[in-house]
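Me: I would like to go through this model by question and answer. Please reason briefly each time and finish on the value or name I ask for.

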Amino acid sequence: MSGSVFDTAPGFDQPIAVLKHCHNKIRRQIATLQKLLAHLPEHGADTEAKQAAGAVRSYFNQAAQIHHADEEVDLLPMLRKTASGADSELLNQLAPQLANEHQIMEKLWLALDSQLAAIAAGSSTYLSSEEVKGFIDIYNTHMSTEETDIAPMASRLFSSAQLAAMGASMQQRRAIAPSSASSSAPAAPAIVNGQASVAHLRTDFKRASLSEADVLADPVAQFGRWFDEAQTAKVLEADATCLSTVSASGRPSSRILLLKDFDHRGFSWHTSYDSRKGEELAHNPFGSLLFFWSDLERQIRIEGRVEKMSEAENELNFDAQPLASRLHAIASHQSMPLTDRATLERRYAEIEASAGDKPARPADWGGYRLVPDRMEFWQGRGARFHDRIIYTLLHDGSWQRSRLQP
Ligand SMILES: Cc1cc2nc3c(=O)[nH]c(=O)nc-3n(C[C@H](O)[C@H](O)[C@H](O)COP(=O)(O)O)c2cc1C
């Protein structure tokens, strides 16, 4: 018999086996990544390398994220509700570690993704062996913990009703019909002469309607799907978002920011805590983010409480910024008055001359994370029959979906 039994895709009536099947797919993508690393120095970004880079990107940008959501939204919360005694103790120790590893993996992936995008486009042959190794090491450790401790615990503790509920939720996340149980990623974009036809994709996304059955159960995963589609369709600055805050006196203000990250914890950006938005958030910690991707006739509204990131995260994120951005963050006291531009230019030059290549993070530079409790997806449609699907967070942590009139 050729191939492992795990290669046969299990159905969603066996959700733990589906997760293991996803691990096998991850291992295959990791093997491709390793082969690509060995292939590039000798062959450059040839057709084989481009295809491999494209395949790895497609998997980790879509299916892997859905897999993480399976664990964070279904598996671990359900285990938390069910486990007791020694199981619960082990879970309390492992669940934060696993969530933290997801974040690290997502960060490491972002760095690799841009390298792979350039390889897939044939414009670069650079792939950092250190970053590939870091990414693979953490995935292997992570999958091993899940397979050794978490999956056996879930198989032992979950009732058949829980397994059915988990399987149904995972299936809904993939928005697939019951019979196509093994698919873990949305359909690949149309390829014309080896390249995605952007105009064609845009037309497809615009034509798409938004029904309750189309959208994923988890709005953050749904955002991820639309965000991927916006990037695939090459929407200009898809990560630009309008943040609205409200002052202590009830006066709203809005500005554009670049979204830095999003995951189950929320949507984050970097800024100055001493800026006007920082002041407003200190008095009223609620905000609203708005994305508008006109090419796709899509709008996403995200509302919720805004939290500051931890000092440790801020240190890490600051160090990861390009040097010029770090120097600007030191030189500019955002939202404070400035007599003239020359003053800022002088201050920047002085800092550039004295700061070295590892300048210290100014105390006011940091990140915020909006923890969503309400998310609305708007899809423009003909004759003003626009679709609006709204998700509202309930007290038990689940999301309720409903449709609003356009
Ligand atoms: C495309 C674009 C991206 C921006 N990205 C950021 C950002 O990531 N962080 C930030 O603090 N300001 C960013 N800004 C500047 C903000 O819009 C705003 O001017 C600044 O944050 C000060 O806002 P405030 O005075 O209301 O606090 C961006 C502006 C544009 C047009």
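Me: Is strand E6 largely enclosed or hardly covered by the rest of the structure?
Reply: This is a predicted model, and the answer rests on counting C-beta atoms around each residue. A residue is buried if 20 or more other C-beta atoms lie within 10 Å of its own. Five of the seven residues of E6 are buried, so the strand is largely enclosed.

Me: Over how many bridges does E6 pair with strand E9?
Reply: E6 spans residues 266-272, and E9 covers residues 365-379. One point of register is Phe267, whose bridge partner in E9 is Leu370. The two strands pair in the antiparallel sense, and the number of bridges is six.

Me: Which residue stands opposite Gly266 of E6?
Reply: Strand E5, residues 261-263, pairs with E6 in the antiparallel sense over three bridges. A hairpin of two residues joins E5 to E6. Opposite Gly266 stands Asp263.

Me: Which element supplies the largest share of the shell around the ligand?
Reply: The shell holds 14 residues, the closest being Arg255, Thr271, Ser275, Arg276 and Ser335. Strand E4 (252-258), strand E6 and helix H8 (276-283) each give at least two residues to the shell. The largest share is five residues, and the element is E4.

Me: How many residues of that shell are charged?
Reply: The shell around the ligand divides by residue type into five nonpolar and six polar residues. The remaining class is the charged one, and its count is three.

Me: How many residues of E4 are buried?
Reply: E4 gives five residues to the shell around the ligand. The strand has seven residues and is hardly covered. The count of buried residues in E4 is zero.

Me: What is the bridge partner of Cys242 in E4?
Reply: E3 and E4 run antiparallel and are joined by seven bridges. Their hairpin has five residues between the strands, and Gly250 takes a positive phi near 90 degrees there. The partner of Cys242 in E4 is Ile256.

Me: Which element gives the largest share of the largest nonpolar core?
Reply: This core has 38 residues, of which Phe223, Ala230 and Ile300 touch the most other members. Elements giving two or more residues to this core include helix H2 (47-82), helix H7 (219-232), E6 and strand E10 (387-393). The largest share is six residues, from H7.

Me: Where does this core lie with respect to domain 1 and domain 2?
Reply: The domain assignment gives domain 1 as 7-174 and domain 2 as 240-403. The centres of the two domains, taken over C-alpha atoms, are separated by 28 Å. Both domains give residues to the 38-residue core, so its place is between them.

Me: Which residues does Ile300 contact beyond its neighbours within four places in sequence?
Reply: Ile300 belongs to the group of three that touch the most other members of the largest nonpolar core. Leaving aside neighbours within four places in sequence, the contacts of Ile300 are Phe223, Trp226, Phe291, Met375, Glu376 and Phe377.

Me: How many residues make up the other core that lies apart from this one?
Reply: Among the members of this other core are Val18, Leu33, Leu40 and Ile119. Its residue count is 36.

Me: What is the phi of Lys234, about?
Reply: Most residues other than glycine have a negative phi. Lys234 sits in the loop between H7 and strand E3 (240-246), and is partly exposed with 13 other C-beta atoms within 10 Å. Although Lys234 is not a glycine, its phi is positive, about 55 degrees.

Me: In which loop is Glu297 placed?
Reply: Glu297 is a residue other than glycine with a positive phi, near 55 degrees. Glu297 counts as partly exposed, with 17 C-beta neighbours inside 10 Å. Its place is the loop between E7 and E8.

Me: What distance separates the C-alpha atoms of Asp239 and Ala151?
Reply: Asp239 is in the loop between H7 and E3, and touches Leu258 and Leu259 when residues up to four places away in sequence are not counted. With 16 C-beta neighbours inside 10 Å, Asp239 counts as partly exposed. Asp239 and Ala151 are 88 residues apart along the chain, and their C-alpha atoms are separated by 35 Å.

Notes:
Residues are numbered from 1 along each chain as its sequence is written. This is a predicted model: local features need pLDDT of at least 70, side-chain atom pairs count only at pLDDT 80 or more; totals for chains, interfaces and linings use all residues. Domain bounds come from an automatic or database domain assignment. A residue is near a molecule or strand if its C-beta atom, placed from the backbone, lies within 6 Å of it. Helices (H or I, at least four residues) and strands (E, at least two) are DSSP runs, numbered from the N terminus. Ala, Val, Leu, Ile, Met, Phe, Trp, Tyr, Cys and Pro count as nonpolar, Asp, Glu, Lys and Arg as charged, and the others, Gly among them, as polar. A residue is buried if 20 or more other C-beta atoms lie within 10 Å of its own, exposed if 12 or fewer, and partly exposed in between; C-beta atoms are placed from the backbone. Two strands pair if DSSP finds at least two bridges between them. A nonpolar core is a set of buried Ala, Val, Leu, Ile, Met, Phe, Trp, Tyr and Cys residues joined through C-beta atoms within 7 Å. Two residues are in contact if their C-beta atoms, placed from the backbone, lie within 7 Å.
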